[in-house]
Amino acid sequence: MTQVNMTVNGKAASGDVEGRTLLSSFLRDQLKLTGTHVGCDTSQCGACVVHVDGVAVKSCTMLAAEADGADVATIEGQANPDGSLNVIQQAFQDHHGLQCGFCTPGMVMSTAALLKGNPKPSEAEVRAYLEGNICRCTGYHNIVKAIMAASGQDVGAIAAE
Amino acid sequence: MPKDGGIGASSKRREDVRFLTGVGNYTDDINIHGQAYVFFLRSDMAHGTINSVDTSAAAGMPGVVQIFTGADFEAVGSIPCGWQVTDKHGEVMQEPRHPVLAHGKVRHVGEPIAAVVAETLEQARDAAEAIELDISELPAVVDMKEALKDGAAKVHDDLNNNLCYDWGFVEENKAATDAAFEAAAHVTTLELVNNRLVANPMEPRVAVGEYARGTDEHTLYTTSQNPHVIRLLMGAFVLGIPEHKLRVVAPDVGGGFGTKIFHYQEEAFCTFAAKACNRPVKWTSSRSEAFVSDAHGRDHVTKIELALDGDNNFTALRTETYANMGAYLSTFAPSVPTWLHGTLMAGNYKTPLIYVNVKAVFTNTVPVDAYRGAGRPEATFQLERVVDKAARELGVDPVALRRQNFITEFPYATPVAVEYDTGDYHATMDKLESMIDRDGFAARRAESEKNGKLRGLGVNCYIEACGIAPSNLVGQLGARAGLYESATVRVNATGGLVVMTGSHSHGQGHETSFAQVVAEMIGIDENMVEIVHGDTSKVPMGMGTYGSRSLAVGGSAMVRATEKIINKAKKIASHLLEASEGDIELKDGAFSVAGTDKSVAWGDVTLAAYVPHNYPLEDIEPGLEETAFYDPSNFTYPSGAYACEVEVDPETGKVTIERFAAADDFGNIVNPMIVTGQVHGGLAQGIGQALLENCSYDENGQLLSASYMDYAMPRADDLPMFDVDHSCQTPCTHNPLGVKGCGEAGAIGSPPSVVNAVVDALQSAGKDVTHIDMPLSPDRVWAAMQ
C-alpha cells in the first residue's frame, strides 16, 4: 500500500492505495465521488473523464499513485459556487443533451477541456473531439447542440430538429 | 405558442440536475457497510463437459469469504423463461434448465462456472485465478442451420435436438398464401441476415444482495428495467423467497434498451450469497463481462418473398426465419421472433395473405433476447427491403409502390392477428417528402459524382406495436406474465403529491413527463408532483418499462388513479362549498361551483382530507390516495416514414450518412423535447446496426467482438444531425392519453432506409447490387461493388 495525496475539487484528499489501484477506483471507492463513472475496461467510453492538472484524462487509464500531488477536478466540482449548473451543465439540460445520465459526467468534463482549447468549435470539431466519449442514448445530436450552445454559438439554425 | 408546462410542453428534465452534477444514484454507487465482492469465473470455452472445479487452493487465498460452484445451486430453481411458445404442430417449445452457475456442462463463452466472494474485488479476482478447472471441450454449434442438421452437437443433452420451436403463423393461411404465390404476376425474393447486436447501455449491470437475518428479509439492488418482474421471477421460481420477504430496488439505471429487462444469474447469485455469507454481496460487471453475459439482440436469418399482381398490388407475403436463441432461453426470448415479429409482417400494407415461419435454434452462444424494438426491427427490415427490391425489379418508384399498397381505412384487421386502431400513412409520407427535398436529389447526386462519390436515397415506412396487451390475450399466446401497469397517487395534506409508478425510467425522463400529465389534470405546478419508481417496497406491483409501453400503459394507470383522486376531491369540495357534487368543476387547481364565484383551492381540499374536521365522514373516508391498475385493450400502433441519403466512396466502400429524416406518428405527445430525443437515440442505434455494429462469433463459439475495440459503437462523428418531425398525430383510440409510444421507433425504422440508400447509390453507378447484409462496413460495400 502506498499513501497518495492530491487535491480533488479544491480540497486535500489522501488515501492508501495498492499499486494497481486506478484513479477512477480511488475516486469512487475511497473518496466516494461516485459521479465519475466506469463504462468500459478498454479506455474507450470516456464516462470516467476527469481533469488532472487541467488536462482531460480517462481516470480508468491512470493509476491513483500517478496522481499523487496532482490537482484533480471531477464532475462533483463543476457547478457554480452557489450550486447552480455551470454554463456547460446548463446547456446540456437546456438542449436535452443527456438521457440516462451515465455518460454525462465524462461528456461534461470533456466539453470543458474542449472549450478551454477551442472556445468556438465547429460541429465537425465537436464531433471529432468526442471520439473518446460514447453515448448510447442521445445519438449525439443534442450533445453536439449543447456543446455549441455552451460555447456561445447560435444553434437554432445548425441543429434544427 | 409553446406551452410552459403540462401536456405538450417541452419541460426541462428535473432528473438532469443530479446527473449533471454527479450525484445520481446508480446501483454501483450503492455501498453497504460490510459488503463483500463477488467475481465470477466464466467459461472461456463455448461448449464442454465440466469434469471438476477444484477450489481448494483458491479457498485459502487472502480475503476469500466463500467460493460457490454449480453444485451449490442444485437445490435452487432454474432461471425461468417468461414466455412459452407453442409450435405449428401444437407442441410446446423445448425449454432447457438454466442453472445459476454452470453444472455438468458449459454452453457458451462467458457462462459463470464459479463465484468467489471476498473482502475486495481484487482478492476475489486473484482467488478465481487459482481455481482449477478440468473441462473437456466439445464441438460447438454456432451456425443455426448447421445446428439443426442431424448429428450436430446438442447444446442440451436432455432435449431432442437444437430446435426450440418451429412456429407457423398464421398456419391456417399457409395454403392460401402458397396458392397466391402460384398465381402471382411477379415474385420478389430476398435472403438476408439481421445482424446480431449487443445492447450496450453505458452502465454495465450491477447487483448488490443484502440479507437481514433478524427479519429474514432480502434486498436486491439491481440495474433493472422492471424490478417487480425480477422479484417475481427470482423469488418464486429460482430462490423460493416469498415476495413479502424480498425487496428489489432499481435506482438510477444507466440505459437499458431491453437487455436490463431480463432476470440474470448474477442477481440470483448475489441474493443467495448474501444470506449464505451473511454479508452484503456486490457484483459490478466489467464491460468485457457484459459482452459475454448481457443478452444479445436480433440474429435472424430470413428468406422473404413478396407476391404482386399485374397492377403491382401486394397479394401475398411469405417468410422463413431462423432465430438464434443462444444457449439458454432468456426471459422473453421466445416471444421476440414470434409474437413481436410475425404480428408485424403486414407493416403499413394491405397485403391480404401472410404466412410466417420461424425456427428458433439453440446454439453455443450468449442468450439472445429483446433489444430496442425486439422483433419489430427484424420484421420492418425484411419487409421494407423486399418492397424496395420489388420496386427496383418492376422499375417503379419505391415511394409510389408503397403508397399504392398503404392501408388507408382504420380500424384495420391484418391477416396476422392484430387490429390497427388508427394511423395515416400517407400523411407521414407526405411530411417526409416535404422534409427531404426529393426534387433536389438529382442535383445533389450530380454534385457528389463530381467529387467522385456515389449518392443514394433510401426511403421506408414502419409500423410498430407498443404496449403489448391485453393480459388475457398475451396469456393465451404463451406469456407467463400480465402486461398491465400500476400507479398509486398519494396526495399529501398540503397539496403536493407523489405518484408511485410501476414504469421504470432509465433515460426516458418519466420523472418529468409523468409529472406533466398529473399536473395538467389537476391544474397545479409540475413541481408539486413527485414521481417515484424502481422500488418494490414503495410501488404497487408493476411490469416495468420496455416495448415503448411506459406512457401508453403506465401513464394510463396514472391517469386512472388521478381521476379517482379528482373524483374524491370533488366530493370533499362539494361538502366544503355546500354544493351538489355534480356542479363542482376543477380548473387551474381550484374547485368551483358552476355558475357561481364560490371556489375552494386544491390545497384546502387536500388539507380537509387529512384534517377531516369539516368533512363528510359518514359518506367518504379521510385521506386522498388512490391506486389504479390499467390493462390496455389493444396494442398501440405508432408508424412513420424515414429517409436516408448517403454518399458512398467507390474507392473504399465507406458510407457516409449525409441526411436523415424521420416523420413519425406517435399520437398525442406529452413532452416534444423528450420525444425528439428518444427518436434521435433510436436512429443512432438503427444506423449503428446498419453501418457499424456486429456481434461476431468464430466457428468455435469464441466471441470476436468482445470489447469496444472490436464492437463498433456509433461515435459522434459517425452520425449526422437528424431531421425529426412528429406533427402527424392520429391519437390512439383506446387509451386515455391518446399516446402510442416513441422509444423504439428510431431503431425500428432506420436500418432499411440506410440499406435502401446504399443499394440506390450503387445501382446509380450501374452496379448489379440488390442487397448487402448489415453492417454495411466499407469492406462489405467495396466487395459488393467488385
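## A walk around strand S3

Start by selecting strand S3 of chain A, residues 49-52: Val49(A) and His51(A) on one side, and Val50(A) and Val52(A) on the other, are all buried, so both faces are covered (buried means under 20% relative accessible area with a 1.4 Å probe, protein chains only; strands are DSSP runs of E, at least two residues, and helices runs of H or I, at least four, numbered from the N terminus). This is a predicted model in which local features need pLDDT of at least 70, side-chain atom pairs count only at pLDDT 80 or more, and totals for chains, interfaces and linings use all residues. Residues are numbered from 1 along each chain as written, chains are lettered from A and ligands numbered from 1 in written order, and side-chain values use heavy atoms, without hydrogens and water.

Next, add S4(A), residues 55-58, which pairs with S3(A) in the antiparallel sense over four bridges (pairing requires at least two DSSP bridges). Val52(A) has Val55(A) as its bridge partner. Two residues separate the strands of this hairpin, and Asp53(A) in the turn has a positive phi of about 50 degrees.

Now show S5(A), residues 71-73, antiparallel to S3(A) over two bridges; here Ala73(A) stands opposite His51(A).

Zoom out to the open, mixed sheet of five strands, ordered S2-S1-S5-S3-S4 in chain A. S2(A) and S4(A) are at the edges with a single partner strand each, so one side of each lacks a neighbour in the sheet.

Finish with helix H3 of chain A, residues 104-117, which packs on the sheet and touches S3, S4 and S5 of chain A (contact is heavy atoms within 4.5 Å). The direction of H3(A) makes about 40 degrees with that of S3(A) (axes are lines fitted to C-alpha atoms, for helices over the stretch in contact, with angles from 0 to 180 degrees between N-to-C directions).

Methods
Buried < 20%, exposed > 50% of the residue type's maximum accessible area, 1.4 Å probe, protein only.
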